[in-house]
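Please read the following walk through a protein chain with its sequence and its 3D structure side by side. The account begins with the whole and then turns to particular helices, a strand and a loop.

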Amino acid sequence: MELDERKITILKAIIKNYMDTGEPVGSRTISKYIDSKWSSATIRNEMSDLEEMGYIVQPHTSAGRIPSDKGYRFYVDQIMQEKEQEVTEIQELMIQRVDRVELVLKKLAKLLAHDTNYAALISGPQYHQNKLKFIQLSKVDVRKLLIVTVVEGNLIKNSIVQIQEEIQDDELLNLNILLNSNLNGLTIEEINLNVISKMKQQAGSHSQVVDLVLNEVAEAIKADEDDLQIYTSGATNIFKYPELSDNQKASELLSTLEHTETLQELVSSVNETESENGIQVYIGEESPVKAMRDCSVVTANYELGEGIRGTIGIIGPKRMDYKKVLNTLRTLMTQLDATFKNEER
């Protein structure tokens with residue numbers, strides 16, 4: 001059985017009506033809602049087919065229907081395939097000149113929560129899939145080296161290592177040439193065993209130095225990724241929705257929104273499964289965070305140029321206003337990009 005135009009129309013009407021009211025939807029309601037010539041009997045038959053196909057469920061005997069996770073998934077996919085909707089204007093805050101990106105993100109989290117009536121989170125900018133631009137080794141002492149690592153975004157990391165053997169100036173120059181000729185333009189993930197083995201062979205008696213340098217470069221970038229800031233707002237908005245206001249559910253969700261480590265897992269999952277348009281929609285059981293599996297979570301990645309990016313997330317009931325949320329996120333992504341480009345000029 002396939003979804004024809006009539007079934008799609010009725011399914012969308014059920015979802016929209018349920019999002020508006022939070023109440024199960026019956027055939028008479030749908031008949032008035034879509035103002036069609038179809039009889040209540042015809043609509044009941046179509047609703048029965050939709051239930052059999054798994055797009056809607058009947059929570060109680062003799063009650064109307066509500067969307068299932070599969071129904072919400074169909075609805076969201078339909079929205080995301082449509083042309084860009086006329087965007088919902090975000091209140092005029094957008095980023096006045098401030099000295100710190102963190103202050104901007106805190107304000108934006110509050111703005112998102114206020115405009116959507118859901119909970120919002122924004123992670124601070126991180127450097128993702130950074131390509132190495134330059135490595136410089138310099139002698140600090142007879143057996144100490146300063147390692148300067150420059151990656152895309154002109155992020156500079158310095159570290160000092162203790163070496164076992166003394167290195168002459170000409171040998172140090174050759175090591176710098178070896179490191180840069182083999183590593184420039186690669187991400188940490190692309191520096192595989194073959195690359196390392198080849199470099200150590202070329203380094204000869206100084207292969208241990210190559211090991212030390214690669215460990216320091218990896219640790220320097222990893223330290224930046226571990227120091228992830230996440231700003232949240234609007235957590236108490238969840239009490240506005242009866243299906244989320246149950247004491248245990250609400251308590252678990254509030255605790256999750258206050259737990260940075262769990263939110264970091266969410267951000268990591270988003271980055272691993274990033275979609276082509278940068279927006280992800282997790283409905284119910286699709287959520288990577290257990291405490292959010294009674295919710296819908298919509299995320300997007302914002303870009304600040306040269307591999308620098310962060311994640312925006314909105315958490316609400318499965319009957320959230322997906323169109324408004326998606327449009328808000330698209331607008332915010334565009335404005336962040338434009339604003340920070342202007343800041344760089």
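The protein contains 11 helices and 11 strands, and the model in which they appear is a predicted one. Of its 345 residues, 46% count as buried. When the contacts with a sequence separation of 6 or more are taken together, 60% of them join residues that lie 24 or more positions apart.

The buried nonpolar residues can be taken next. The largest nonpolar core has 48 residues, and the ones with the most contacts inside it are I14, L108, I122, V281, V298, I312 and Y322. Apart from this core lies another one of 25 residues, which includes L132, I163, I196 and A203.

The helices at the start of the chain show how such elements pack. Two packed helices are described by the angle between their axes and the distance between the axes. For helix α1, residues 5-21, and helix α3, the angle is about 85° and the axes are 10 Å apart, and α1 and α3 are therefore roughly perpendicular to each other. On the α1 side the residues that meet α3 are R6, K7, I10, L11 and I14, while α3 contributes T42, I43, E46, M47, D49 and L50. Sorted by class, the residues of this contact between α1 and α3 are six nonpolar, one polar and four charged. I14, which takes part in this contact, is also one of the residues with the most contacts inside the largest nonpolar core.

Helix α3, residues 40-52, has a contact with helix α2, residues 27-34, as well, and here the axes come within 9 Å and cross at roughly 110°. An angle from 65 to 115 degrees counts as roughly perpendicular, so α2 is roughly perpendicular to α3. The contact is formed by S27, R28, I30 and S31 from α2 together with S40, I43, R44 and M47 from α3. By class, the contact of α2 with α3 is made up of three nonpolar, three polar and two charged residues.

Further along the chain, strand β3, residues 119-123, holds L121. Is L121 buried or exposed? L121 is buried, because its relative accessible area is 1%, and under 20% counts as buried. Leaving aside residues up to four places away in sequence, L121 touches I230, Y231, T232, L263, L266, T311, I312, G313 and I315. I312, one of these partners, is also among the residues with the most contacts inside the largest nonpolar core. L121 and A235, 114 residues apart in sequence, are 9.5 Å apart in space when taken from C-alpha to C-alpha.

The loop between α5 (101-116) and β3 is the place of N117. Most residues other than glycine have a negative phi. N117, although not a glycine, has a positive phi of about 65°. With a relative accessible area of 32%, N117 is partly exposed.

Helix α7, residues 193-203, has V195, I196, M199 and A203 as its buried residues. These four cover an arc of only 95° around the axis, and they are therefore on the same side of α7. On the other side of α7, by contrast, L193, N194 and Q201 are exposed. Two of the buried residues of α7, I196 and A203, are also members of the core of 25 residues. After α7 comes G204, whose phi is positive, near 60°.

Note on methods:
Residues numbered from 1 in each chain as written. Predicted model: local features only at pLDDT ≥ 70, side-chain atom pairs only at ≥ 80, totals over all residues. Heavy atoms only, no water. Axes fitted to C-alpha atoms, helices over the stretch in contact; angles between N-to-C directions. Parallel < 35°, antiparallel > 145°, perpendicular 65-115°, else oblique. Contact = heavy atoms within 4.5 Å. Nonpolar A, V, L, I, M, F, W, Y, C, P; charged D, E, K, R; others polar. Core = buried A, V, L, I, M, F, W, Y, C linked by side-chain atoms within 4.5 Å. Buried < 20%, exposed > 50% of the residue type's maximum accessible area, 1.4 Å probe, protein only. Arc of directions from axis to C-beta.
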